[in-house]
Amino acid sequence: MQPPTDTQINEVIRGFPRNNASLLIPILQTIQEKFGYIPPESLTAIGKHTNVSRNKIYGVLTFYAQFTTIPRGKYIVRPCRGTACHVRGAKNVLTRIRQKLGIEDGQTSPDYKFSLETVACMGACALAPTVVVGNDYYGKMTPDEIGDIIDTYKHKE
Amino acid sequence: MQTITSREELIRLRESVISKIDTSKPTITLCGGTGCSAFGSQKVYDAFEAEIKRLRLEDKVTLKRTGCHGFCERGPILVILPQEIFYQKVKPSDVPDIIRKTIIKNEVVRQLLYVDPRTGERIVKESEVPFYKHQMRLVFRHNGKIDPISFDDYIRYDGFQALLKILYEMTPPQVVDEIKKSGVRGRGGAGFPTGLKWEFARKSPETKRYVICNGDEGDPGAFMDRSVMEGDPFAVIEGLMIAGYAIGAKKGYIYVRAEYPLAVKNLTIAIETLKKMSLLGKNILGREFDFDVIIKQGAGAFVCGEETALIASIEGKRGMPKPRPPFPAESGLWGKPTVINNVETLANLPLIIIKGAEWYASIGTKDSKGTKIFALAGKINNTGLVEVPIGTSLRKIIEDIGGGIPKGRTFKAVQMGGPSGGCVPAEYLDLPVDYESLKSVGAIMGSGGMIVMDNTTCMVDIARYFLDFCQKESCGKCVPCRIGTKRMLEIATRFTKGEAQAGDIEKLKALAESVRDSSLCGLGQTAPNPVLSTLRYFSNEYEAHLAERYCPSSACEVLVKSPCQNACPAHINVPQYNELVRQKEYLRAVNLIRRSVPLPSSLGRVCFRPCESVCRRGEIDTSIAINHIKRYITENSKSEIRNPKSQLFPFNAPEIFNPRKKDKKVAIIGAGPAGLSAAYFLRIMGREVTVFEKNKSAGGLLANGIPAYRLPKKVVQDEINLLKAMGIAIKANSPISARKQWDVLRNQFDAIFIAVGATKSKTLGVPGENIKGVVDALQFLDNMINGRIKKVPQKVTVIGGGNSAIDSARSALRLGAKEVTVIYRRSLDEMPAHKEEIQDAMQEGVKFRFLAAPAQVTCNKGSNWLRCQEMTLGPADKSGRRKPVPKAGSDFTVEAGLVITAISQTPDLEFAQPDIELTPWGGIKVNPLTMETSQKGVFAGGDTITNAGMVIYAIATGQKAAVAIDRYLGGAGKLPENIDPLLTYSTDLKGPHDPLKDDRQAIQHIPLKKRAGNFKEVICGYSDSAAYNEASRCLRCDLENKEYGK
């Protein structure tokens, strides 16, 4: 896993107008979307561009659940821990995912294939329990079904 | 794309759109919402496209992908217009059929129709489906009809008519007035009047103002805003423009959470479209109104739903709230006056402007106008989005629209308003859902999340869940919220792990109150609500977790070995007896059961089976037939059961049971299930036990109240003989009815257990009930079982809805009655008798008259006549059951040679008065942990304490009392299970095992013809292979917990 170069990061940042602090979050979102995480080295460049101090950027970065400063896996597995999912047995589904992937919430597998990130509520309560893998929604999950689904992703490139 | 710069151009465009519509051409509207997409609606769409192309039908049919239809449970959903044909759970393979039959031949594909589970009827039209029938879809008027990103589709109905109207006919203050008059209140949760909020912003001297659409729908369990933004983005934008015009803002923001990518996509497309058409920008529609819309994506922080935190987030800062005042309407985004409205509020606005405030104000209640969308989820049949007028009752939403609770489980509560809200228990099911009513019971409207919970949802766990959520989402700015929620979570977690300490309930409550009163923003102030409301309505669950380390809902996994064992009041180890059946080790299986109960064979026939209702297998198909397997085990170890010298527990376990030990004397009054159970366990613990029974034969209702076609007397007798062989003295024909006898017992015995049951019948309370030919059910059954009744009149009427009513009715038929009618004052759903019993009774020819109650009995022309009144169901009582209310002028009369009254009974406790304290109902008041009464050394159980009428429950009270009595007498009070839990069985799974192979094994009944005129046992029991297959279906939840190291 190669971290993005300064040039790559600067390219992204230059797409936004300068000195506008309110663009900080969209800039972080774009970097994260492009590289899968926010390299801590990029804070200086973002700070110069937005005129926001690095410690403030770090404060914002760590406040929001969406952002991470560690590289993430190719497939983000996001089991919902919303109320509807909870009462319909999301806990057992999560347990199976943890066993299957061998990682805990917030961690990434050593081969950078999977990251596990629970979500407060996906807003897909009618499908409870819900799991999103990458951009695909899976509804009415059971431990066995999610196990099979993860296997198919394991075999995917 | 043309630009629209005047009223005329918009009107012309709309007319041209409408003129191009070919009404004869069918339109397939396929749901593309999140729910249906997850069930594969994209593949269905692709299949339609391919099929239409293949058959060259492009000119004959329109295919449209719409927003959410709301009935996500049944996805993928499609509706064919104009006929409004509703197809559900559509697969790509169904597509050719739909095209060939419905589109070309105008025929309905029957197997894709929705089947009403109550009537079994297939329903064609969308609006006739019960889920939709009771709704009023105003905000959702376009969802499911239009392509969300098509401008033409939006204006085809009423799109931008409201904008036209305000720009050309109304001044901004007039718009504010109109919204004020409509009475619409903020749909985000707090319910603040929208017009008033606008007025505050208008009053500000600042001329630079902002409007923000709050689409940060963070409450777990709410997804209506998502659906509106995804399915009708133009309406949200139009609403935002109306708000902008009204308060004088030139810029609007839509703050959408990052978890909603489709909403972001559709809103972005809609904004781009409007910009290109000059409907956003300067001088919109040729008027002096400039407006731009900017989308801001949230970054995953629940607190950003709070308005000051949301503003901070838009400004690019950490989303931390600020103290209010100043309110955003005075000083908001970048210090300027800012109005923040919720998505659903904004989507209401165009409709209010078009149809007028008066029309809008006619919907809803006095103080809460309009409709509200609720997200119905959790333990309910029809999950999805439901829009109803505010003030609709919870019962209507949950039962009529939601279709009730699945798997035959019972409703416990509904959580309203997510982590800021509270739960509403069954007794308030008739509550009108509006802002004020919900507040009065400790819940809130909130954003409209409605999570339904059944008897398998643990309320302590739910409180813990929400605390966990709030603790994680607390922004950390203020101490009460940051630390308070953490400490509360720690206490709640202790409960769910069985580690709670005395005083924890009080500590939790005190902490909750101070967090509520001292937190900075709404998140902290409302975070304690779930705790406070579960403490208010379900304190008994907290107490069970604390005092007994027991989770009554079988949900807290640390406390629960397996749901079935946990739900069994006597805690029989079900998964392991299933395994022993697979190993064909029937003697070991029956020994295992006998560690927990003394009467397995009788139970195997009459148990109420609380275990089966929580069985996890039921989530997949049908629960395990736990009780039929139990009966099979006892049948296959029959010779052992009959032989007291056999290797039967406790005779085979000298380390547990020493027949020679008889230390301290215990008297037990009543040889029913509770008394026999206490006797059994006390005897195992080495006590000298004497049971006083008023009847000739022991067994209580098992022997003298349940007819032989359900429970042959021989079965009970064999089991009682075993108890006698253990050295339990049972004195028949020895009623304890006088105070003098009681005093003697008190003197002669070291402890007493009262289990006299509830045999004193309550009276009907109607004139004429004392005339001949009116008898009490228990009396009737007792006489019948003991051979004192040989014949009954031709017409028999039974009054009541419990098991003894059904037993009386079926017995009367067997005794030769030609017509037996059961009259019950509520409906079938409320009937407390076992559902299978009712079904069998119906098959055998018993007639039922529901919603009727007797008013008078008269004797005339040699027969009895029963005048009855029809009933309707009124509001719920404390148990959540609806109270019957007589209908005026609905009297009717039935002839009844014999009237059997099977209403409730109370215990006859004259003999122990006034020593023993009673409950208002007339039972003995006991400490629920020990069964001890107000008198030291006197304990009570079974129907004597509550009229539950459940054998297994009575046995469990006997078990509990035995422990307490033994301790009272100086013993350790150890049940066999706690002495050596692994003595007789192994937990290993043997042989090949595929639990999912079969569905539940059917049970045989003797044919109807062979039941008349005799009392032969009706249910035949499992064959060897059926029992083996059924036991193999067990998912072995007990091993799962072991496997996960819990």
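Two residues are taken to be in contact if their C-beta atoms, placed from the backbone, lie within 7 Å. Helices (H or I, at least four residues) and strands (E, at least two) are DSSP runs, numbered from the N terminus. The model is predicted, so local features need pLDDT of at least 70 and side-chain atom pairs count only at pLDDT 80 or more, while totals for chains, interfaces and linings use all residues. Residues are numbered from 1 along each chain as its sequence is written, and chains are lettered from A and ligands numbered from 1 in the order in which they are written.

The contact between the chains is a good place to begin. Chain A contributes 33 residues and chain B 43 residues. On the side of chain A that touches chain B, the elements giving two or more residues are helix H2 (24–35), helix H4 (54–63), helix H5 (83–87) and strand S4 (136–138) of chain A. H5(A) gives the most, with four residues. By residue class, this side of chain A holds 22 nonpolar, 10 polar and one charged; here Ala, Val, Leu, Ile, Met, Phe, Trp, Tyr, Cys and Pro count as nonpolar, Asp, Glu, Lys and Arg as charged, and the others, Gly among them, as polar.

Chain B offers an open sheet of four strands in the order S2-S1-S3-S4, with mixed pairing. Two strands are said to pair if DSSP finds at least two bridges between them. Strand S2 (62–66) and strand S4 (85–87) of chain B are the edge strands, each pairing on one side only. Neighbouring strands of this sheet are turned by 20° against each other on average, direction ignored; axes are lines fitted to C-alpha atoms, for helices over the stretch in contact, and angles run from 0 to 180 degrees between N-to-C directions. Strand S1 (residues 27–31) of chain B is mostly covered, with four of its five residues buried. A residue is buried if 20 or more other C-beta atoms lie within 10 Å of its own, exposed if 12 or fewer, and partly exposed in between, with C-beta atoms placed from the backbone. S1(B) pairs with S2(B) in the parallel sense over five bridges, and B:Thr29 has B:Lys64 as its bridge partner in S2(B). With S3(B), S1(B) pairs in the antiparallel sense over four bridges, where B:Ile28 is matched to its bridge partner B:Ile80. Strand S3 (residues 78–81) of chain B is in turn joined to S4(B) by three bridges, the two running antiparallel; in S4(B), the bridge partner of B:Ile80 is B:Ile85.

Further along chain B, strand S29 (residues 898–901) is covered on both faces, with B:Leu898 and B:Ile900 buried on one side and B:Val899 and B:Thr901 buried on the other. In a regular strand the side chains alternate between the two faces of the sheet. Strand S21 (residues 774–776) of chain B runs parallel to S29(B), joined by three bridges, and B:Val774 has B:Val899 as its bridge partner. Strand S22 (residues 795–799) of chain B also pairs with S29(B) in the parallel sense, over four bridges, and B:Val798 stands opposite B:Ile900.

Helix H38 (residues 835–844) of chain B has B:Ile838, B:Asp840 and B:Ala841 buried. These residues lie on the same side of H38(B) because they cover an arc of only 165° around the axis, the arc being that of the directions from the helix axis to the C-beta atoms. On the other side of H38(B), B:Lys835, B:Gln839 and B:Gln843 are exposed. Helix H37 (803–814) of chain B is included in what covers the buried residues of H38(B). After H38(B) comes B:Gly845, with a positive phi near 110°.

Turning to the interior, the largest nonpolar core has 225 residues, of which B:Val236, B:Leu240, B:Ile242, B:Ala243, B:Ala375 and B:Val414 touch the most other members. Such a core is a set of buried Ala, Val, Leu, Ile, Met, Phe, Trp, Tyr and Cys residues joined through C-beta atoms within 7 Å. Helix H11 (residues 233–247) of chain B supplies its largest share, 11 residues. Another core, of 100 residues, lies apart from it and includes B:Val574, B:Val590, B:Phe681 and B:Ala940.
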